[in-house]
Amino acid sequence: KGSLLLVQVVGTDDDPRFTVHRGDTGEDLADDHPANVAHWIDRLPETLGYLVVVHRTGKATSFGIGVEEPRELFFDAETAVAEVSLNVPANASVAYVVPPSQLIKADLKSGPRDAYVTLEAVDSGQQLLKADRGSRTYRGAPSRPEEVILRVHQGTEAGDITLHVER
C-alpha cells in the first residue's frame, strides 16, 4: 500500500494498449499519467496482487513488459541534493523518481566502468538520456516540468554505486 508502481509495455512497432487491475476485485486502476501510453504509474491503493492486461491489437505484436517499483529520491530541503549509495547486482537496473524540476543534474559518482544512467520523463515519455549514450552524467530537464524516472544500469559486474542528484 502506498508504493509507487511503474508498468511499461513497449512494442517493436506500436505500443499495445494495456490496463492495470486490482487482483481482488478486478477494478481497472486509473493511470496517473495518461499522456504517455507506454507507461502506467500510480501509488498502489492496497497491499495485494495486481494484474497487468495487455490488450489485443488485431495483429501479431511483439512487445516487452517491465514492472518496477521506482525508489523515491529524498532531497535535502536546503540544498536540493540527494545522494544514494547501494550495492547493485550485475546486469540490474535501479529506478528512481525525480520530482518535477526546472533543472536536473545527475552524476553516477562511482560504480563499475560499464555502469550508466538513463532518464525519461514520465508524462510525455520524452527520452532525456538514452542507453546508447552510455553516459554517467546528465544535465538538463524535460521540455516541461514533470516527474522523471532516472535509472542506474549496473553493467556486467556487481558492486557499489554512488548516485548524486541535484534539482
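Author: In what follows, two residues are in contact when they have heavy atoms within 4.5 Å of each other, and the model under discussion is a predicted one.

Reader: Not counting residues up to four places away in sequence, which residues does glycine 49 touch?

Author: Glycine 49 has its place in the loop between strand S4 (39–43) and strand S5 (50–54). It counts as partly exposed, because its relative accessibility is 44%, a value that lies between the limits of 20% and 50%. Once residues up to four places away in sequence are set aside, the residues that glycine 49 touches are Arg22 and Gly23.

Reader: How many Å apart in space are glycine 49 and alanine 131, C-alpha to C-alpha?

Author: Along the sequence, glycine 49 and alanine 131 are separated by 82 residues. In space, taken from C-alpha to C-alpha, the separation between glycine 49 and alanine 131 is 31 Å.

Reader: In what order do the four strands of the open sheet stand?

Author: The pairing in this open sheet is antiparallel, and the twist from one strand to the next averages 15 degrees. S8 and strand S13 (137–140) each pair on one side only, which makes them the edge strands. Between S10 and S15 there are five bridges, and leucine 108 stands opposite leucine 163 in S15. The order of the four strands is S8-S15-S10-S13.

Reader: Is histidine 164 buried or exposed?

Author: Histidine 164 belongs to strand S15 (residues 159–166), and its side chain makes a polar contact of 2.7 Å with the side chain of glutamate 83. Beyond its neighbours within four places in sequence, histidine 164 is in contact with several residues, including Val81, Lys105, Asp107 and Lys109. Its relative accessibility is 14%, and since the limit for this class is under 20%, histidine 164 counts as buried.

Reader: Which residue's side chain meets that of lysine 109 in a salt bridge?

Author: Lysine 109 counts as exposed because its relative accessibility is 53%, whereas its partner, at 44%, counts as partly exposed. Lysine 109 lies in strand S10 and the partner in strand S8, so the salt bridge ties together parts that are 26 residues apart in sequence. The closest approach given for the pair, N to O, is 3.6 Å, and the partner is glutamate 83.

Reader: Which residue's side chain meets that of aspartate 107 in a salt bridge?

Author: Aspartate 107 is buried, because its relative accessible area is 15%. Its salt bridge, at 3.3 Å from N to O, links distant parts of the chain, with aspartate 107 in strand S10 and its partner in strand S13, 32 residues apart. The partner of aspartate 107 is arginine 139.

Reader: Which residues are joined into one network by salt bridges that share partners?

Author: Six salt bridges are found in a search of the whole structure. One of them is formed by glutamate 120 and arginine 151, whose closest N and O atoms are 3.8 Å apart, and both residues are buried. Glutamate 120 sits in strand S11 and arginine 151 in strand S14, 31 residues apart. The network is made up of Glu68, Glu120 and Arg151.

Reader: Which residues of the largest nonpolar core touch the most other members?

Author: This core has 23 residues, and the elements that give two or more residues to it include strand S9 (93–98), strand S11 (116–121) and strand S14 (148–153). Leaving aside neighbours within four places in sequence, leucine 150 is in contact with residues that include Tyr96, Val117, Leu119 and Val165. The residues that touch the most other members are Tyr96, Val117, Leu119, Leu150, Val152 and Val165.

How values were computed
Residues numbered from 1 in each chain as written. Predicted model: local features only at pLDDT ≥ 70, side-chain atom pairs only at ≥ 80, totals over all residues. Heavy atoms only, no water. Buried < 20%, exposed > 50% of the residue type's maximum accessible area, 1.4 Å probe, protein only. Polar contact = N/O pair within 3.5 Å; in protein donor to acceptor, adjacent residues only side chain to side chain. Core = buried A, V, L, I, M, F, W, Y, C linked by side-chain atoms within 4.5 Å. Pairing = 2+ DSSP bridges. Axes fitted to C-alpha atoms, helices over the stretch in contact; angles between N-to-C directions. Salt bridge = Lys/Arg side-chain N within 4 Å of Asp/Glu carboxyl O.
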